[in-house]
Amino acid sequence: MSLYYNYSTTIGGFEMASSVSKRVSALVAGLTVISLGCLGTAVYAAPSIGSVVAERVSDDVFRVRVQGAGFTEKTDGNPVLYDHVDVTWENGKPNFHQSQFKDGQLVQRQDLDPNTIWAKPSNPIEGNTGMLVVKSRPHRTSDGVAHYFGKGSDNFLGWPMASGGETTEYSSRTMYSSFWIKLPYDMARYYAIPGTQQSSRFIDGGDDSYGEAVKISGLEGTGKIIRYKPNLGNQDYGWLFFEPPEGVSTRDMLGQELVGVDSGASAVFPSSGSQSKFDDYGYLAPRGKYARFWGDSTGKGYGFALGNIGWAGHGLSLWSNEYGGISPEPGQWNLIEVEVSLGSNDGTIPPRVAVYMNGKTFVKSDDSWAKEILNVSVQDRSGLTIALLGINDFMSVPFTVEVDDIYLDKSLHRVKLCNVSDYNVYREGKGRCELQRVTGWTDNQVEFEQYLGGLGTNDNLYVYIFDKLGQHNQKGVLIGTEKVPPSPIEIIEIN
């Protein structure tokens, strides 16, 4: 038996029907009228939703069918990968390999674990744990079972078996990927400076949190101590890692003294940068990357890197400070989304890239980037996949990284449930969205299994459909709750 709500509404003189499921997050109808959108010389109407019907598959699984127009065809309805860690959906098929892992078990490479989900994760060397499947740490969602965890400055997953491992098994000029990541510090703002005899007195917060506040002479506000590493590099007293006060630049700190608010310990910010990293006196500014997206493991295909301060690789570099310099919020789960299009072969759809953090724009390409990428020549034109995801090439702080719900597809098509009714609100960094596991896709119908993730069971939720250009219905179709159903409604039982 399945339950759904059915009601009709009149918009612009047309009466349309919409249906939704009665669950804790019962799907409720709505109609969005979307204006035509265009990208380059190709013109497509953005998706519009006419009806939503949900059918109960089991006690906690609902299959949802959305009908409308302008969804655009998708070759394979399933995403390439949707990794919930305990269960991983690979091209639509569930893989429960990691559900049998013990708490803290290492994700190994294919030569050591032929059934691995990831062909080339990082190895546990040089103070790094590698990526572990953890079950005892607090999860991102209330019903979470497991997620990935690593300790050190170089822990990552790479080359999912769902896309072919180190040899990508498909060709595609588009890619969408997203993942949730949790980090203890602001990875775009921390510095390293040579320590002093007093540095051991600074109070740090361990691997998962900040230490004491610090004042910098002549500057307003307070910064935060991260860690002191006495045996790092060739300096007599090692290196001190800290985060400066909000809005303070490198130039502001040159030659200034740092003093711990609680400990009274002090150090001096050098007047020049280090030329040999930890083997040379001088400051070290933030660096590192969260992800790489490559088409070929030998480097013959397209390659891009998502760093803590921007986007690099083939084509021009894009810098996050042009969009406000946002970064993942420390101590919280953050959603990072990546859209890449290398353009259509006939030139009607131009290349573009966009990266979002919690809805906000991190970087976005312009016409210069699009022209530059068209001049790139590669030997292998396989589709992009995840070559690295986690943390890599950051300065040597033994911090932690946690990753969950990794999504990858060879198209920009996707479905989201959000707790905001206007997607522009989400782009302002408000509200929350969750990717759904799509199971079928045509130009006028999409099917998916409902996944609430971190959405509240009493939230008003909304459906958003994204087409092959990444366009979506701007106003979501309302998803109500069992406690506050929409009105008027008719509840229908189907045996």
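The following exercises, with worked solutions, concern the largest pocket and selected strands of a predicted model.

**Exercise 1.** Determine which residues lie nearest the centre of the largest pocket, and describe its lining.

*Solution.* Step 1: the volume of the largest pocket is about 670 Å³. Step 2: its lining comprises 25 residues, and those nearest the centre are Asp 143, Gln 450, Tyr 451, Leu 452 and Gly 453. Step 3: by residue class, the lining holds 10 nonpolar, 7 polar and 8 charged residues. Step 4: strand 6 (61-69) contributes at least two residues to this lining, and so does strand 29 (400-409).

**Exercise 2.** Identify how strand 5 and strand 6 pair, and what they form together.

*Solution.* Step 1: strand 5 (residues 48-58) pairs with strand 6 in the antiparallel sense, over 9 bridges. Step 2: within these strands, Val 53 is placed opposite Arg 65 of strand 6. Step 3: 2 residues lie between the two strands, which form a hairpin. Step 4: strand 6 of this hairpin also supplies at least two residues of the pocket lining.

**Exercise 3.** Establish the strand order of the open sheet of 6 strands, and state which strands lie at its edges.

*Solution.* Step 1: the order is 15-18-17-16-19-20, with antiparallel pairing. Step 2: strand 15 (191-194) and strand 20 (266-268) are the edge strands, each pairing on one side only. Step 3: on average, neighbouring strands of the sheet are turned by 35° against each other, direction ignored. Step 4: as one pairing in detail, strand 17 (residues 223-229) and strand 18 (residues 239-243) run antiparallel and are joined by 5 bridges. Step 5: Lys 229 stands opposite Trp 239 in strand 18.

Methods
Residues numbered from 1 in each chain as written. Predicted model: local features only at pLDDT ≥ 70, side-chain atom pairs only at ≥ 80, totals over all residues. Heavy atoms only, no water. 1 Å grid on protein atoms, 1.4 Å probe; cavity = no way out; pocket = protein on both sides within 12 Å on 5 of 7 lines; lining within 4 Å. Points joined across faces, edges and corners; volume = space filled by probe spheres on them. Helix = DSSP H or I, 4+ residues; strand = E, 2+ residues; numbered from the N terminus. Nonpolar A, V, L, I, M, F, W, Y, C, P; charged D, E, K, R; others polar. Pairing = 2+ DSSP bridges. Axes fitted to C-alpha atoms, helices over the stretch in contact; angles between N-to-C directions.
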